[in-house]
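User: I've got a model open and would like to talk it through. Can you take my questions as they come?

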Amino acid sequence: MIFPFLWMLSTALKTPPQLLAFPPILLPSPMDWSNFGTALQTLPFGIFLRNTLIIEVAVIVGGLISNTMVAYGFARLRFPGREFLFFLVISTIIIPWMVRLVPLYLIFNKLGWVNTFLPLIVPAYFGTPFYIFLLRQFFRSIPNDLSDAARIDGAGEFQILIRLILPLSKPVLAAMVIFTFQDVWDDFVYPLVFLHDQRLKTVALGLYDFVSIDPFATPWHLLMAASVLVVLPVLCLFAAFQRFFIQGITLTGVKG
């Protein structure tokens, strides 16, 4: 699992002649650390990073709002057809994303949203089946006695969700944030379809631009240097929330 990352880092530190050396060089000497600065200056990665962070924040906020409210309804509220509706929501997971791509493009094109961030952001505010399932399983593991005590004190369902359920659900919420961040950060196909302007590109699309710099000789050392920099935020995020992430997945699996 670690070797691909090590090879990417090794290539990022190579000079152009070392890229074609045979047998391949794992530890380049000398190491060219200037590749990282050159990669960032070759393409407007500042703009790509800004666009990606805008989408990241909007999608994470939308996911936290929609998924928690829907999951709470399925986990803690009783209403006719609850199990059928939950099964209907979960069954959409089996629909391949390729099948949804063309209808979504036609819808967003008629709405005039193509070449904007809206097609990448708005769907997050309607819930994601996997995260709804994950949160529902965790919410069901919280004793109902706590909610009953809060109702006796006069708290409504929204207050119970905000003041009781969510504070106890930090591990699973952290896991959802990490999953969402990684999905948006690594997403290539949807930005490629919906974003056509160079100023709107994300970091995933920006990496592909290295291939078009020179159609006859791709600067692999610069591409790998930029790839290392793109991977680092995800690694840092996981390292910062590793305890919550593992706890959220473990508790969901055991108690769900």
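User: Among contacts between residues at least 6 apart in sequence, what share joins residues at least 24 apart?
Analyst: Keep in mind that this is a predicted model. The protein is built from 15 helices and zero strands. Counting contacts between residues at least 6 apart in sequence, the share that joins residues at least 24 apart is 73%.

User: How much of the protein counts as buried?
Analyst: The cut-off for buried is under 20% relative accessible area. Apply that to the 256 residues of the protein, and the buried share comes to 41%.

User: Which element gives the most to the largest nonpolar core?
Analyst: That core has 24 residues, and Phe-45 and Phe-210 have the most contacts inside it. The elements giving two or more residues are α1, α3, α4, α11, α13 and α14. With nine residues, the top contributor is α14.

User: What does Phe-45 touch, leaving out residues up to four places away in sequence?
Analyst: Nonpolar side chains tend to be buried together in soluble globular proteins. Phe-45 is one of the two residues with the most contacts inside the largest nonpolar core. Its partners are Ala-39, Leu-40, Val-203, Gly-206, Leu-207, Phe-210, Ala-226 and Val-230.

User: How many residues are in the second, separate core?
Analyst: Ala-71, Ala-75, Ile-165 and Leu-166 are among its members. The full count for this second core is 21 residues.

User: Moving on to empty space, which element gives the most to the lining of the largest pocket?
Analyst: The pocket holds about 1,200 Å³ of space and is lined by 36 residues, with Arg-100, Pro-123, Ala-124, Thr-128 and Tyr-190 nearest its centre. At least two lining residues come from each of α4, α6, α7, α8, α11 and α12. The one giving the most, with five residues, is α4.

User: And how many of those lining residues are nonpolar?
Analyst: Split the lining by type: three residues are charged and eight are polar. The nonpolar group numbers 25.

User: Is Asn-67 buried or exposed?
Analyst: Asn-67 lies in helix α4. It touches Gly-62, Gly-127, Thr-128, Tyr-131, Ile-132, Leu-135 and Met-176, not counting residues up to four places away in sequence. Its relative accessible area is 1%, so Asn-67 is buried.

User: How far apart are the end C-alpha atoms of α6?
Analyst: α6 has 15 residues, and at 1.5 Å a residue it should span 21 Å. The model agrees, because its end C-alpha atoms are 21 Å apart.

User: What is the phi of Asn-115?
Analyst: Most residues other than glycine have a negative phi. Asn-115 has a positive one, and its place is in the loop between α6 and α7. At 28% relative accessibility, Asn-115 is partly exposed. Its phi is near 70 degrees.

User: Which two residues does the cis peptide bond join?
Analyst: Most peptide bonds are trans. Here omega is about 0 degrees, and Pro-30 is found in the loop between α2 and α3. The cis bond joins Ser-29 and Pro-30.

User: Last one: how far apart in space are Asp-153 and Pro-17?
Analyst: Asp-153 sits in the loop between α9 and α10, and it is exposed, with a relative accessible area of 69%. The C-alpha atoms of the protein fill a box of roughly 75 × 45 × 30 Å, along the principal axes. Asp-153 and Pro-17 are 136 residues apart in sequence, and C-alpha to C-alpha they are apart by 73 Å.

Note on methods
Residues are numbered from 1 along each chain as its sequence is written. This is a predicted model: local features need pLDDT of at least 70, side-chain atom pairs count only at pLDDT 80 or more; totals for chains, interfaces and linings use all residues. Side-chain values use heavy atoms; hydrogens and water are left out. On a 1 Å grid over the protein atoms alone, a cavity is a set of points where a 1.4 Å probe fits but cannot get out, and a pocket is an open set with protein on both sides within 12 Å along at least five of seven lines; lining residues have an atom within 4 Å of a point. Grid points are joined across faces, edges and corners, and a volume is the space filled by probe spheres set on the points. Helices (H or I, at least four residues) and strands (E, at least two) are DSSP runs, numbered from the N terminus. Ala, Val, Leu, Ile, Met, Phe, Trp, Tyr, Cys and Pro count as nonpolar, Asp, Glu, Lys and Arg as charged, and the others, Gly among them, as polar. A nonpolar core is a set of buried Ala, Val, Leu, Ile, Met, Phe, Trp, Tyr and Cys residues joined through side-chain atoms within 4.5 Å. Buried means under 20% relative accessible area, exposed over 50%, partly exposed in between (1.4 Å probe, protein chains only). Contact means heavy atoms within 4.5 Å. The expected span of a helix is 1.5 Å times one less than its number of residues.
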